[in-house]
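This report walks through several local features of one protein chain, moving from its sheets to its aromatic rings and then to a few single residues. Please keep the structure in view while reading.

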Amino acid sequence: MNRDRWTILCLAYIIGLLSTSAFDYPNPHPSWQQWTIAIAGLVLLTFIAALFLPRWWRECPRGKFWLAAALVTILGAVYLQLRTPQPSHDDISGLLNGRSQPATVSGIVLSETRLTANANRYKIWLNVQFFETQGKKTKVSGKLYVTLPKKIENQLYPNQIAIIRGILYQPRSPANPGAFNFKAYLAKEGAFAGLKGGEISYKTKEPVFGWWMLRRRVVEVFKRGLGDSEGLLVSSMVLGQKAVDLPPNLRNLFVKTGLAHVLAASGFQVSLLLGVVLRLTCYRPPKQQITIGISVLIFYGGLTGLQPSILRAILMGIGVLIGIACQRKIRPLGALLLVGTLLLLVNPQWIWDLGFQLSFLATFGLVATMPAFTQRLDWLPSILADAIALPSAASLWTLPLLIYVFYGFCFYVIPNNILLSPLLFLISLGGMASAAVALILPEVGSAIVSLLYLPTHILIKIVEFLANLPLTSLAVGKISLSILVLIYSLMILIWLTQWWQRRWWWVGLAMVALVAMPAIYRNLTLVQVTVLAAKPDPVVVIQDRAKVTVINSGDAETVKYTLLPFLAHQGINQVNSLIAFDTKTLADGSNLNPYVRVLDTFSLEGNPSSSWQQLTEGKSLVLGSTRISVLNSQPPLLQLQIQNQHWLWASYAAKASFSQHLSVSPQVLLSSDKGAMRQFQPKVAIANASYVSSQTRQQLQRQGTQLYWTGTDGGVQWTPKTGFRVISAFDEPATL
């Protein structure tokens, strides 16, 4: 079988894996309808390829070969589904019955301790062996996600036996659009339950050698030589973010400025390492070169934790070494496809790993389009041309996927990468050299890495400056999977054919329009009210065409994990009015400012200042067709008129003065107070509560009130055309 046929079969396998998006992956039990749609789509796609490819490709295979290609695509989908983690018959999640409960679990620690996203607890993975509750001990199995208090730092390590007491729970799907799908994340890792640990005991014994010991030594040496912030940043650039607890504020700066790839060990670090090895061994025989090179790459892979992006880069590097030893020229695209296929044969779930996807696309961009960039920049010195072409080519191919996953992008992503390339090169190379010395002579390694303090400090200051530039973070909203596929199809056409290459400028504008125009049209025409599930009070976002009002942004965690993801999901970059219930909520709402511009801020209590105004009783706020009237400030009682809809937001304590303030009976009641629901008998009641009694639900049903219960339904949304609907089950990208 020739190279072309192998290429088609590799692509067919990858397409088969990607087709599992029709199952809402990870879905352990897809329906027969989903299987039918997936298989029919794969067969149709193969038929179209067999029909049209020979018209443009003379050497294209014909006949029965395409039956084999269709079979490979179907087998790819089946293989991934078979490898999708499912709970076993004795999995610990089967003991929960949907309810959280106190429990004591014991098992083997599988990972190092790492900070959670909000940095207030540590997390580990635990291979559970026993489950104990109410004095009854049961032998179980399964992988468990465990969070622990910060006091256990550096006390746990892999392969240690731990006994943990806490609250066992089953993860839930996200309650609001754009929110992180924690349940799907755990399912992809093979875990179906979590434990919020409190007390912990463990069997102390001399730890067996592991890569985690070497990683911990490097990080400690870097922190000793550079300080905490700079030391952790260099550690992340050398070992990867998954091996280091980088401070959240520093991590967010790099993410916001489009430099998140700097924090993940990837092909950039492997290329540097391989270049140094080839330079140092250039006078040695080819066999020694390949032996030393492969040994160094494998050691570096173990040190970083064998992340998918590193594995891809290491296998590519090994291919280069073999090519040098055999004096043969490696075909980069063929090698990339072969390496990707081999990795996906070993672990097909990596097809939905964001790091793997971005690494593959960035490498493809370097191989496929960097020569074209370099050719257009041939009037510049070669070093400068490469410094511009490299980040441009990589960013071009990763940008559509980043927009699809995160609903936005950094406007200056390419200039930022070009500007900081020299610093990144210097720090990465110096960091790897220091790490090599630190493993043998920690004190010497600490002294060497201290020389990187100034460039690392300058890097942080530049990133802080870039993060505060206007339009740094630009939300465009959720784009559909079909638009993403269309954009990449157009990019591939430009890469493959001269006719499209001559028109790249117009095609580029069309791709920008595919992303931007839906968001612009939505923001100019949409009238929508969204009630986001949050504790203790809901968050309400009113979109009245181009004017956006947020009522009760919530505390800092609600802003970060509920409100900001929803605003990005909707493509909202500016909030016209932010209404806070008190000064505490007002202070937490200020966390919106780095990401979303807030024009006017109001509070129902406190003394007004230059940065915010006070909304007192009897005052109203008008934005477009929306009118918000304050009937009572403390406790909050708000009347909202949105087109022809009359809403009432009432807290528990405000019920005594309900009637005397109202001029119009509300059609929609936003309250968890059952007395208010009985008194006003609204058409729709939205209760932001974790529990609504069966008696209350039956009474509302008798009086004809439709009840939405955020504790069960999640977020609720209303538009004039569609009315009310639950929004917690919105389709989100399968990538994590």
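## The sheet of seven strands

In this predicted model, seven strands form an open sheet with mixed pairing, and their order is β16-β17-β18-β19-β20-β21-β22. The edges of this sheet are β16 (620-623) and β22 (706-709), each of which pairs on one side only. From one strand to the next, the twist averages 15 degrees.

Strands of a sheet pair through backbone hydrogen bonds, either parallel or antiparallel. The edge strand β16 and its partner β17 (residues 626-632) are paired in the antiparallel sense, over four bridges. To find a place to look along this pairing, one can start from Ser 620, which stands opposite Ser 629 in β17.

## The sheet of eight strands

Another open sheet is built from eight strands in the order β15-β14-β13-β12-β11-β10-β23-β24, and its pairing is mixed. Its edge strands, each pairing on one side only, are β15 (613-614) and β24 (723-726). Within this sheet, β10 and β23 (residues 716-719) run antiparallel and are joined by three bridges, and Val 529 stands opposite Trp 718 in β23.

Which helix packs on the sheet? Helix α20 (residues 556-570) does so, touching β10, β11, β12 (547-551), β13 (574-580) and β23. The direction of helix α20 makes about 20 degrees with that of β11.

## Aromatic rings

The count of aromatic pairs in the model comes to 17. One of them is formed by Trp 125 and Tyr 145, which meet edge-to-face, with 5.4 Å from centre to centre and 70 degrees between the planes. This pair links distant parts of the chain, since Trp 125 belongs to strand β3 (residues 122-133) and Tyr 145 to strand β5 (residues 143-148), 20 residues apart. Are these two residues buried or exposed? Trp 125 counts as buried because its relative accessibility is 13%, below the cut-off of 20%, and Tyr 145 is likewise buried, with a relative accessible area of 9%.

A further edge-to-face pair is that of Trp 499 and Trp 500, with ring centres 5.3 Å apart and planes at 75 degrees. Here the surroundings of the rings can be read from their accessibility: Trp 499 counts as partly exposed at 44%, and Trp 500 is also partly exposed, with a relative accessible area of 26%.

## A cluster of rings and two lysines

Returning to Trp 125 and Tyr 145, ring pairs link these two residues with Phe 180, Phe 182 and Tyr 185 into a cluster. Trp 125 also has a lysine over its face, namely Lys 143, at 4.7 Å from the ring centre. A similar arrangement involves Phe 130, where Lys 137 lies over the face of the ring, at 4.7 Å from its centre.

## Backbone features in loops

Three loops hold backbone features that a careful reader may wish to locate. In the loop between β10 (527-532) and β11 (539-544) one finds Pro 536, which is joined to Lys 535 by a cis peptide bond, with omega at about 0 degrees.

Tyr 407 lies in the loop between α13 (382-406) and β8 (408-410), and its phi is near 65 degrees, a positive value in a residue other than glycine. With a relative accessible area of 6%, Tyr 407 is buried. Gln 643, in the loop between β18 (637-642) and β19 (645-650), has a positive phi of about 55 degrees although it is not a glycine. Gln 643 counts as partly exposed because its relative accessibility is 28%, a value between the cut-offs of 20% and 50%.

## Gln 34 and its surroundings

Helix α2 (residues 32-56) contains Gln 34, a residue that is buried, with a relative accessible area of 17%. Where does a polar atom of the side chain of Gln 34 lie 2.9 Å from a backbone nitrogen? The backbone nitrogen in question belongs to Ser 31.

Leaving aside neighbours within four places in sequence, Gln 34 is in contact with Ala 22, Phe 23, Asp 24 and Asn 27.

Key. Residues are numbered from 1 along each chain as its sequence is written. This is a predicted model: local features need pLDDT of at least 70, side-chain atom pairs count only at pLDDT 80 or more; totals for chains, interfaces and linings use all residues. Side-chain values use heavy atoms; hydrogens and water are left out. Helices (H or I, at least four residues) and strands (E, at least two) are DSSP runs, numbered from the N terminus. Buried means under 20% relative accessible area, exposed over 50%, partly exposed in between (1.4 Å probe, protein chains only). A polar contact is a pair of N or O atoms within 3.5 Å; within protein, one must be able to donate a hydrogen and the other to accept it, and residues adjacent in sequence count only if both atoms are side-chain atoms. Contact means heavy atoms within 4.5 Å. Two strands pair if DSSP finds at least two bridges between them. Axes are lines fitted to C-alpha atoms, for helices over the stretch in contact, and angles run from 0 to 180 degrees between N-to-C directions. Rings of Phe, Tyr and Trp (its six-membered ring) pair if their centres lie within 6.5 Å; planes under 30 degrees apart count as stacked, over 60 as edge-to-face and the rest as tilted. A charge sits over a ring if NZ of Lys or CZ of Arg is within 6 Å of the ring centre and within 35 degrees of the ring normal.
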